[in-house]
Amino acid sequence: MSKNIMVGMADLNIGRAPDILTTVGLGSCIGLTLYDPVTKVGGLVHYMLPDSKAVSNNSNIAKFADTGVQELLKRVTMAGANRGRLVAKIAGGAKMFAVTQESNIGSVGERNSFAAKQLLHQLNIRLIAEDTGLNFGRTVELHCDTGDFYIKAVKKPVKII
C-alpha cells in the first residue's frame, strides 16, 4: 500500500515504490528529485535558496541547493539507490514577484534553477526533465513506482514529466 509522504518547505525525504513524495508551494523554490528506476527508490528536496554560504543562519541543510541536494543524495543511496543509475527532475524556480532590475529578489527562482543544474552536473547525475521558470506556483508529486513527476498548478492541466 502506498504512503503519501509530505515534504515541507526547506525539507527533504525519501520513499520507495509505491510511495508518493509530495511538496506544495513551489514558487521561486525548487523541487528536485533523485530516482533510481531499478530499485524504485526516490527522494525529493524542496529548497529555497541556491547557496548556504551566502547566509549566516544556514543550519537547515534542506533550505539550500548545495547542502540539500548532497543530503538527498546521501539518503537515497543509503536506502538502496544505485548512484550510477540516478536520474533527476526539477520543478519550480518561478519569478513570483515583479521587481525592479536592481533587485536580486526577482531572480532567486532563476538562480535556484541554475544551482540545481550546476550541482547535478558536478555530481554527474543526469537531469532528464524540468518544468521551471514562468510566473506561477506549483505542487509536485514523485511517484516512486514509475518515477513520474506530476506538476500541478492552478488553472493549468496536470503535467507529467
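I would like to begin with a single interaction, a polar contact of 2.8 Å that joins the side chains of D131 and K159, and I should say at once that what we are looking at is a predicted model. D131 lies in strand β7, residues 126-132, and with a relative accessibility of 8% it counts as buried, because the cut-off for that word is under 20%. If we leave aside its neighbours within four places in sequence, D131 is in contact with I90, A91, G92, R138, I151, K159 and I161.

Let me turn to the sheet that holds this strand. It is an open sheet of 5 strands in the order β2-β5-β4-β6-β7, and the pairing is mixed. Which strands stand at its edges? They are β2, residues 11-16, and β7, and each has a single partner strand, so one side of each is left without a neighbour in the sheet. From one strand to the next, the twist averages 15°. Helix α1 packs on this sheet, where it touches β2, β4 and β5, and its direction makes about 165° with that of β5.

Now to β6 and its two partners. Strands of a sheet pair through backbone hydrogen bonds, either parallel or antiparallel. Here, strand β4, residues 30-36, is joined to strand β6, residues 87-92, by 6 bridges, and these two run antiparallel; within that pairing, L34 has A88 as its bridge partner, while T33 stands opposite K89. Between β6 and β7 there are also 6 bridges, but this pair runs parallel, with A88 standing opposite L127 of β7.

How many of the residues of β6 are buried? The count is 6 of the 6, so this strand is largely enclosed by the rest of the structure. Both of its faces are covered, with V87, K89 and A91 buried on one side and A88, I90 and G92 buried on the other. Among these residues, I90, A91 and G92 are the ones I listed a moment ago as contacts of D131.

There is another open sheet of 5 strands to describe, with the order β1-β3-β8-β9-β10 and, once more, mixed pairing. At its edges stand β1, residues 4-6, and β10, residues 159-160, each with a single partner strand, so that one side of each has no neighbour in the sheet. The strand β1 is joined by 3 bridges to strand β3, residues 20-26, and the two run parallel; the bridge partner of I5 in β3 is L21. K159, whose side chain meets that of D131, falls within the residue range of β10.

Finally, I would like to spend a moment on a loop residue, P50. Where does P50 lie? It is found in the loop between β5, residues 41-47, and α1, residues 65-78. Its relative accessible area is 18%, and because the cut-off is under 20%, P50 is classed as buried. Although P50 and F64 are 14 residues apart in sequence, their C-alpha atoms are 5.4 Å apart in space. Not counting residues up to four places away in sequence, P50 touches A65, D66, V108, R111, N112 and A115.

Definitions and conventions:
Residues numbered from 1 in each chain as written. Predicted model: local features only at pLDDT ≥ 70, side-chain atom pairs only at ≥ 80, totals over all residues. Heavy atoms only, no water. Helix = DSSP H or I, 4+ residues; strand = E, 2+ residues; numbered from the N terminus. Buried < 20%, exposed > 50% of the residue type's maximum accessible area, 1.4 Å probe, protein only. Polar contact = N/O pair within 3.5 Å; in protein donor to acceptor, adjacent residues only side chain to side chain. Contact = heavy atoms within 4.5 Å. Pairing = 2+ DSSP bridges. Axes fitted to C-alpha atoms, helices over the stretch in contact; angles between N-to-C directions.
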